[in-house]
Amino acid sequence: MENYRLSNGVNIPKVGFGTWQIPDGEEVYNSVKHALEVGYRHVDTAQIYRNEVGVGRAIADSGLAREDIFLTTKVWNDKHDYELAKASIDESLEKLGVDYVDLLLIHWPNPVALRENDAWKTGNAGAWKAMEEAYKAGKVRAIGVSNFMIHHLEALLESAEIKPHVNQVLLAPGCPQEELTAFCRQHDILLEAYSPLGTGSIFNNELVKDMAGKYGKSIAQVALRWSLQKGFLPLPKSVTPKNIEANLEIFDFELSAEDVAKLDKVEGVSQQKDPDQTNF
Ligand SMILES: NC(=O)c1ccc[n+]([C@@H]2O[C@H](COP(=O)([O-])OP(=O)(O)OC[C@H]3O[C@@H](n4cnc5c(N)ncnc54)[C@H](OP(=O)(O)O)[C@@H]3O)[C@@H](O)[C@H]2O)c1
């Protein structure tokens, strides 16, 4: 697995395994275990996915050294406060059964409960301080955010001692978020592409279907390749062994610049929800 390098020098495998909507217990255990067996070295979970225990068990039973796996989790919306975030980081480590995570993200910039009087700014600053401390204490190797738009990043940067290393946002064909991605690049923030297959909506798209035929690849592989060629880090989710395997077979072909541009503009796959109006 090839790596990107974060601004703090930490290597991060170029494709991650998504686990949203995979129930805890055998289903997440089997999916993550299979992913690790076939070559994934990067797993993305979150407190709110409620599957940290199963993810941690699969990692422990994988036979791989802990340092060979890149593990991400996220701080949820009810923990946007210094003390609460601090406690929740320890809770995640315990559930995952690990001494550290590789990446910890604030999951959502503007929870509903913090919308009055811009209380979200103080909430994010408090959680961020707890994350900076966890970083300095070696409990996390990198810290970042998710679903942050430019104004959320600007507010965080006002008080942050450590700049976010990552922003995990919806990035899929038809949703390249050009302004946001340019801003993140200016600040050395790596972009992780969540829902890189539009949570399944890409499979009915005729343009992507035709392009897959042209390259002799699957629809999923074309979408994931687009993500890599844009410099994003895709996080495909699957519970189906053959899909889990196929989603890694994206390093042996290249889309033309013209096709990348067509995928930037393809309609009907995904649209970023406004994080100031929605709640996850
Ligand atoms: N930070 C956030 O707020 C946030 C939000 C959304 C997602 N995420 C992260 O991003 C990850 C991925 O996003 P997502 O879960 O929305 O979905 P996704 O990866 O865009 O799409 C998953 C869907 O595609 C299907 N699929 C996967 N590979 C396939 C293949 N090769 N052929 C055919 N079908 C295939 C899956 O079905 P099968 O399972 O049956 O294969 C599932 O229905 C999440 O799991 C999570 O880790 C983060």
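In this predicted model, K230 is buried, at a relative accessible area of 19%. The verdict follows because a residue counts as buried under 20% relative accessible area. K230 belongs to the loop that runs between α8 (219–229) and β10 (233–234). Apart from its neighbours within four places in sequence, K230 is in contact with P176, E178, R185, V260 and D264.

**The chain as a whole**

The protein has 280 residues, and its radius of gyration is 18 Å; this agrees with the value near 19 Å that a compact globule of that length would have. Along the principal axes, its C-alpha atoms occupy a box of roughly 55 × 45 × 30 Å. Ten helices and ten strands make up the secondary structure. Of the 280 residues, 57% are buried.

Contacts between distant parts of the sequence are frequent in this fold: among contacts with a separation of 6 or more, 74% join residues 24 or more positions apart. The exposed surface comes to about 12000 Å², with carbon and sulfur atoms supplying 47% of it. The protein carries 29 positive and 41 negative charges, and the mean positions of the two sets lie 2 Å apart.

**Aromatic pairs**

A pair of aromatic rings is described by the distance of the centres and the angle of the planes. The protein has three aromatic pairs. In one of them, the ring centres of F17 and Y40 are 5.3 Å apart and the planes stand at 70 degrees, so the arrangement is edge-to-face. This pair links distant parts of the chain, since F17 is in strand β3 (residues 17–18) and Y40 is in the loop between α1 (26–38) and β4 (42–44), 23 residues away. F17 is buried, with a relative accessible area of 0%. Y40 is buried as well, and its relative accessible area is 0%.

Another pair is formed by W226 and F232, whose ring centres are 5.8 Å apart with planes at 70 degrees, so this pair is also edge-to-face. Both W226 and F232 are buried.

**Residues in loops and helices**

I250 is found in the loop between α9 (241–246) and α10 (257–265). This residue is buried, with a relative accessible area of 0%. When residues up to four places away in sequence are left out, I250 touches V15, Q221, L224, R225 and L228. One of these partners, L224, is 26 residues from I250 along the chain, and the C-alpha atoms of the two are separated by 7.0 Å.

Helix α2 (residues 52–60) contains A60. A60 counts as exposed, at 59% relative accessibility; the cut-off for this class is over 50%. The C-alpha atoms of A60 and R185 are 35 Å apart, and 125 residues separate the two along the chain. Elsewhere in α2, the residues E52, G54, V55, G56, A58 and I59 are buried. The cover over these buried residues includes α1, β4, β5 (70–75) and α3 (82–96).

**Two residues with positive phi**

Most residues other than glycine have a negative phi, and most peptide bonds are trans. S195 has a positive phi, near 45 degrees, and is not a glycine. It is placed in the loop between β9 (190–194) and α7 (206–215). T199, likewise not a glycine, has a positive phi of about 50 degrees. T199 too is placed in the loop between β9 and α7. Is each of these two residues buried or exposed? S195 is buried, with a relative accessible area of 14%, whereas T199 counts as exposed, at 53% relative accessibility.

The table gathers the accessibility of the single residues discussed above.

| Residue | Relative accessible area | Class |
|---|---|---|
| F17 | 0% | buried |
| Y40 | 0% | buried |
| A60 | 59% | exposed |
| S195 | 14% | buried |
| T199 | 53% | exposed |
| K230 | 19% | buried |
| I250 | 0% | buried |

Note on methods
Residues numbered from 1 in each chain as written. Predicted model: local features only at pLDDT ≥ 70, side-chain atom pairs only at ≥ 80, totals over all residues. Heavy atoms only, no water. Helix = DSSP H or I, 4+ residues; strand = E, 2+ residues; numbered from the N terminus. Rg over C-alpha atoms; globule rule 2.2 N^0.38 Å. Buried < 20%, exposed > 50% of the residue type's maximum accessible area, 1.4 Å probe, protein only. Contact = heavy atoms within 4.5 Å. Areas by Shrake-Rupley, 256 points an atom, 1.4 Å probe, with all protein chains shown as cover. Lys, Arg positive; Asp, Glu negative; His and termini not counted. Charge placed at Lys NZ, Arg CZ, Asp CG, Glu CD. Phe/Tyr/Trp six-rings, centres within 6.5 Å; stacked < 30°, edge-to-face > 60°.
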